[in-house]
Amino acid sequence: MNKRVLLGVSAGIAAYKTPDLVRKLGELGAEVQVILSKNADQFVAPLSLQAVSGHAVHSHAMTAESESGMGHIDLARWADIVLIAPATANIIARLCQGNADELLTTVCVATEAPIAVAPAMNQQMWQNAASKTNMSTLASRGVHILGPDAGEQACGEVGLGRMLQPADIAARVGGLFQNTSLTGKRVMITAGPTWEALDPVRGITNHSSGMMGYALAQAAIEAGAEVTLVTGPTHITPPSRAETVNVISALDMHAAVMNSIDQQDIFIGVAAVADYRPIDTAAEKIKKNAEQMTITMVKNPDILADVANLQKPPFCVGFAAETNDVVDYARGKLERKKLDLIAANHVGGSETGFGTPDNAITLISQNDVIELPKQNKSALARILIAEIAKAYTKI
Ligand code: C5P
């Protein structure tokens, strides 16, 4: 990302993560300058930001001195993108109003560059009606909304409103400048685990978090595709611009995929679909009367193989999560399921695979093997989408 990012830091607790954000943006090749909003220096030291960005930090005040250096118009012109992270409820409201009451808001009014915000606030504040209206106003003006994520908050509450992690924000900002390799293409992605019910409260599932599939959906959207995301139950938020179809079981997922597969150009099966399901689902909660119980399972349909074996299949990409002999097993699947590409990854270690932010992948086609080293799943997804687009246009 050979781009200039003007990072606006507003006064929220997540500001302490911004030196890391500057570093992550720098690792992607961006040049970063920082504007601190009023009181943001209570949450992060300007000197830290100066050290990691390599530029003097701009304070909120528009003084004669600051305007004689790189003033608000120069900064507005300098930026390829203005990124506000963390974006508090207050700064979001002021952006909606078009306020120009301090340097950061003034630059936002003055710039022609795209603006992205990474909201960070208490979950109740995020759900507040005014915040919701403000977010839709910004979205309707083309402001890129990055997150927020769900989870534990600084105030001790749990819910939506946490700022995305710095690496994720950096990857998404990078993605905004990605090429348009999939413009006009329709991409369907399955993601997450499936849940195979035993009774109304219990079921069989796996550790898939949905992160890799959601990251691919986001990357495909950024590459211009229209994305349908068919997802099993997860705890993370799907990309807002994907058409998301929520499913529970493998049979549900199969039906949802088949429902519109004939309209797709590319199918990417990332979901960790349960291979088997209990033959029966008890209508009521199973009682623990017996010392032992046996569950008879039947095989689920292989969604990816069914798609790849259609008379007119889309370009099919599979994932192979293995604990050993990863590449050999993946190659076997490529052949057996008649896939165009397969992304093989090693699961079972603690650093990559299920539930971890990073992943490493070997991408295998009939003629090529490409190693994609360990990195954040968002960054990896962007590279994968670029490779998929390249392979797709070759056929
Ligand atoms: O055979 P295996 O389950 O290892 O293959 C993994 C690939 O197949 C993944 O892309 C996964 O999404 C897909 N799959 C599927 N339906 C199944 C099992 C796996 O779509 N029932």
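This is a walk through a predicted model, one selection at a time.

**Stop 1: the parallel sheet**

Start with strands S1 to S5. They form an open sheet of 5 strands with parallel pairing, in the order S2-S1-S3-S4-S5. S2 and S5 are the edge strands, and each pairs on one side only.

Select S1, residues 4-9. Toward S2, S1 runs parallel and is joined by 6 bridges. Toward S3, S1 again runs parallel, with 4 bridges. Now pick Leu-7. Its neighbour opposite in S2 is Val-34. Its bridge partner in S3 is Leu-83. One residue thus shows you both pairings of S1.

**Stop 2: strand S3**

Select residues 81-87, strand S3. How many of its residues are buried? The count is 7 of the 7, so S3 is largely enclosed by the rest of the structure. The cut-off for buried is under 20% relative accessible area.

Show the side chains. Ile-81, Leu-83, Ala-85 and Ala-87 point one way from S3. Val-82, Ile-84 and Pro-86 point the other way. Both sets are buried.

Next, add S4, residues 115-119. S3 and S4 pair in the parallel sense over 4 bridges. Val-82 stands opposite Ile-115 in S4.

Stay on S3 and zoom in on the bond between Ala-85 and Pro-86. This is a cis peptide bond, with omega about -5°. Pro-86 is found within the strand itself, in S3.

Then select helix H5, residues 89-97. H5 packs on the sheet and touches S3 and S4. Its direction makes about 140° with that of S3.

**Stop 3: helices H1 and H2**

Select H1 (residues 18-27) and H2 (residues 46-53) together. Their axes come within 9 Å and cross at roughly 10°. That crossing makes H1 roughly parallel to H2, because angles under 35 degrees count as such.

Which residues of H1 meet H2? They are Thr-18, Pro-19, Val-22 and Arg-23. On the H2 side, look for Ser-48, Leu-49, Val-52 and Ser-53. The residues of this contact divide into 4 nonpolar, 3 polar and 1 charged.

**Stop 4: two loops**

Go to Asn-39. This residue sits in the loop between strand S2 (31-36) and H2. Asn-39 has a positive phi of about 70° although it is not a glycine. Buried, exposed or partly exposed? At 44% relative accessibility, Asn-39 counts as partly exposed.

Move on to Pro-148. Look in the loop between strand S5 (144-145) and strand S6 (149-152). A cis peptide bond joins Gly-147 and Pro-148, and omega is about 5°.

**Stop 5: the mixed sheet**

Now select the strands of the open sheet of 8, whose pairing is mixed. The order is S12-S11-S8-S13-S16-S17-S18-S19. The edge strands are S12 (243-246) and S19 (369-376), each pairing on one side only. From one strand to the next, the twist averages 15°.

Pick out S17 (residues 341-346) and S18 (residues 358-364). They pair in the antiparallel sense over 3 bridges. Use Ala-344 as a marker: Thr-362 in S18 stands opposite.

**Stop 6: helices on the mixed sheet**

Select H13, residues 326-336. H13 lies across S16 (315-322), S17, S18 and S19, and runs at about 155° to S17.

Add H14, which also packs on the sheet. H14 touches S13 (266-269), S16, S17, S18 and S19. Its direction makes about 155° with that of S19.

Keep H14 selected, residues 377-394. At 1.5 Å a residue, its 18 residues should span 26 Å. The end C-alpha atoms are 25 Å apart, which agrees. Of the 18 residues, 13 are buried, so H14 is largely enclosed by the rest of the structure.

**Last stop: Lys-338**

Finish in the loop between H13 and S17, where Lys-338 lies. Its phi is near 60°, a positive value in a residue other than glycine. Is Lys-338 buried or exposed? Lys-338 is exposed, with a relative accessible area of 54%.

Terms used:
Residues are numbered from 1 along each chain as its sequence is written. This is a predicted model: local features need pLDDT of at least 70, side-chain atom pairs count only at pLDDT 80 or more; totals for chains, interfaces and linings use all residues. Side-chain values use heavy atoms; hydrogens and water are left out. Buried means under 20% relative accessible area, exposed over 50%, partly exposed in between (1.4 Å probe, protein chains only). Two strands pair if DSSP finds at least two bridges between them. The expected span of a helix is 1.5 Å times one less than its number of residues. Axes are lines fitted to C-alpha atoms, for helices over the stretch in contact, and angles run from 0 to 180 degrees between N-to-C directions. Contact means heavy atoms within 4.5 Å. Angles under 35 degrees count as roughly parallel, over 145 as roughly antiparallel, 65 to 115 as roughly perpendicular and the rest as oblique. Ala, Val, Leu, Ile, Met, Phe, Trp, Tyr, Cys and Pro count as nonpolar, Asp, Glu, Lys and Arg as charged, and the others, Gly among them, as polar.
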